[in-house]
Amino acid sequence: MDPKCWRVELNDGHYIPVLGFGTYAPDEVPKSKAGEATKVAIDVGFRHIDSAHLYQNEEEIGRAIREKMADGTVKREDIFYTTKLWLTCLRPELVRPALERSLKKLGLDYVDLFIIHGPIAMKPGEELVPKDGSGKIILDTVDFCDTWEALEKCKDAGLTKSIGVSNFNHKQLEMILNKPGLKHKPVCNQVECHPYLNQSKLLEFCKSKDIVVVAYSALGSHRDPKWVERDSPYLLEDPILNAIAKKHNRSPGQVALRYQLQRGVVVLAKSFNEKRIKENFQVFDFELTAEDMKTIDGLNRNFRYAKILFAVDHPHYPYSEEY
């Protein structure tokens, strides 16, 4: 089967490719790398590209997509592009301008998916991560149900095909789903998800509500010291994962990605290394056994790489709930 056909239907009738290319990189990586890697990813076969205002690389990625359209590799409708509403823009009046700013940087007329990057608002303004004099991040309180209404308007205006959320727990999803006058349900919840944090309860909940789970940090390799503690375990060095990979003559990364696909999770693979990008796309031509899946399920230790500890006292901190 042609991997480009591997996609699932969202609850609004649009389709999302099950394997996406993630583009986040720490500050020390030049932004041009994101553009180069996006072109490689499209050439390899990726059709789902995931970025965000926070990543500060949308100009480069937009240019890469437009170049691949210009040389005939893809048409606009072949590409599924996701951007995210950053936490300094959760006030309803800031939502559409934020999306329009992303579209301008991308040089595109619409995005395929626009999601709230998280339920925790930060102080509005030009600073990506606003801090006070003592270096403490300045938070804000916004009712994300009001934010959601502003996203619905962006969808109705044709600026985005679909809308969703990221880093929401099941109670926060319920708040949106039970919101009076809800016009569009979230199509997805993008969350950290890998064999050490398999999110089985959240996945079950989302499936019951026809919401797709999109997994980030699926390879557990995200090591940005701004967000991740240095002594975090290396998922891809896990001996059990490596034993399963060896059995299938695959890499541990390919096994971690394939695991998500077989659970019905849309998964993002992030790498700026050409060999790795190609390798990450080779996950459609082998299958894990039921026993492999069970063994990988057993690796779960509810370990989270990105804990967002600076917001632990915020009323909308999502990780105080079990799922």
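Which residues lie nearest the centre of the second largest cavity? In this predicted model, they are Phe168, Gln199, Leu202, Arg304 and Tyr319, which belong to a lining of 14 residues. The second largest cavity has a volume of about 100 Å³, and four cavities of 30 Å³ or more are counted in the structure. By residue class, the lining of the second largest cavity is made up of seven nonpolar, three polar and four charged residues.

Phe168, one of the residues nearest the centre of that cavity, leads on to the aromatic contacts. The structure contains eight aromatic pairs. A pair of aromatic rings is described by the distance of the centres and the angle of the planes. For Phe46 and Phe281, the ring centres are 5.0 Å apart and the planes meet at 55°, so this pair is classed as tilted. Phe46 is located in the loop between helix 1 (31-44) and strand 4 (48-50), while Phe281 belongs to helix 9 (residues 274-281); with these positions 235 residues apart, the pair links distant parts of the chain. Both Phe46 and Phe281 are buried.

Phe168 itself forms an aromatic pair with Phe144, and the arrangement is edge-to-face, with 5.0 Å from centre to centre and 70° between the planes. This pair, too, links distant parts of the chain: Phe144 is in helix 4 (residues 144-156), whereas Phe168 is in the loop between strand 9 (160-166) and helix 5 (170-177), 24 residues apart. Phe144 and Phe168 are both buried. Phe46 and Phe281 also take part in an aromatic cluster, in which they are joined by Trp6, Phe21 and Phe284.

Aromatic rings also meet charged side chains in this model. Arg7 lies over the face of Tyr15, at 4.2 Å from the ring centre. In a further example, the charged end of Arg76 is placed over the ring of Tyr110, 4.1 Å from the centre of that ring.

Arg7 and Tyr15 appear again at the second largest pocket, where they are among the residues closest to the centre, together with Glu77, Asp78 and Phe80; 13 residues line this pocket. Its volume is about 260 Å³. The lining of the second largest pocket comprises five nonpolar residues, one polar residue and seven charged residues.

The largest pocket holds about 460 Å³ of space. It is lined by 22 residues, and the closest to its centre are Ser221, Lys270, Ser271, Phe272 and Arg276. Which helix supplies the largest share of this lining? That share, three residues, comes from helix 9; helix 8 (252-262) and helix 9 each provide at least two residues of the lining. Helix 9 is also the element that carries Phe281. In composition, the lining of the largest pocket divides into nine nonpolar, seven polar and six charged residues.

A last stop is Val129, in the loop between strand 7 (121-122) and strand 8 (139-140). Is Val129 buried, exposed or partly exposed? Its relative accessible area is 24%, so Val129 counts as partly exposed, the limit for a buried residue being under 20%. Leaving aside residues up to four places away in sequence, Val129 touches Met122 and Ile137. The C-alpha atom of Val129 is separated by 28 Å from that of Tyr196, which stands 67 residues apart from Val129 along the chain.

Key. Residues numbered from 1 in each chain as written. Predicted model: local features only at pLDDT ≥ 70, side-chain atom pairs only at ≥ 80, totals over all residues. Heavy atoms only, no water. Phe/Tyr/Trp six-rings, centres within 6.5 Å; stacked < 30°, edge-to-face > 60°. Helix = DSSP H or I, 4+ residues; strand = E, 2+ residues; numbered from the N terminus. Buried < 20%, exposed > 50% of the residue type's maximum accessible area, 1.4 Å probe, protein only. Lys NZ or Arg CZ within 6 Å of the ring centre and 35° of its normal. 1 Å grid on protein atoms, 1.4 Å probe; cavity = no way out; pocket = protein on both sides within 12 Å on 5 of 7 lines; lining within 4 Å. Points joined across faces, edges and corners; volume = space filled by probe spheres on them. Nonpolar A, V, L, I, M, F, W, Y, C, P; charged D, E, K, R; others polar. Contact = heavy atoms within 4.5 Å.
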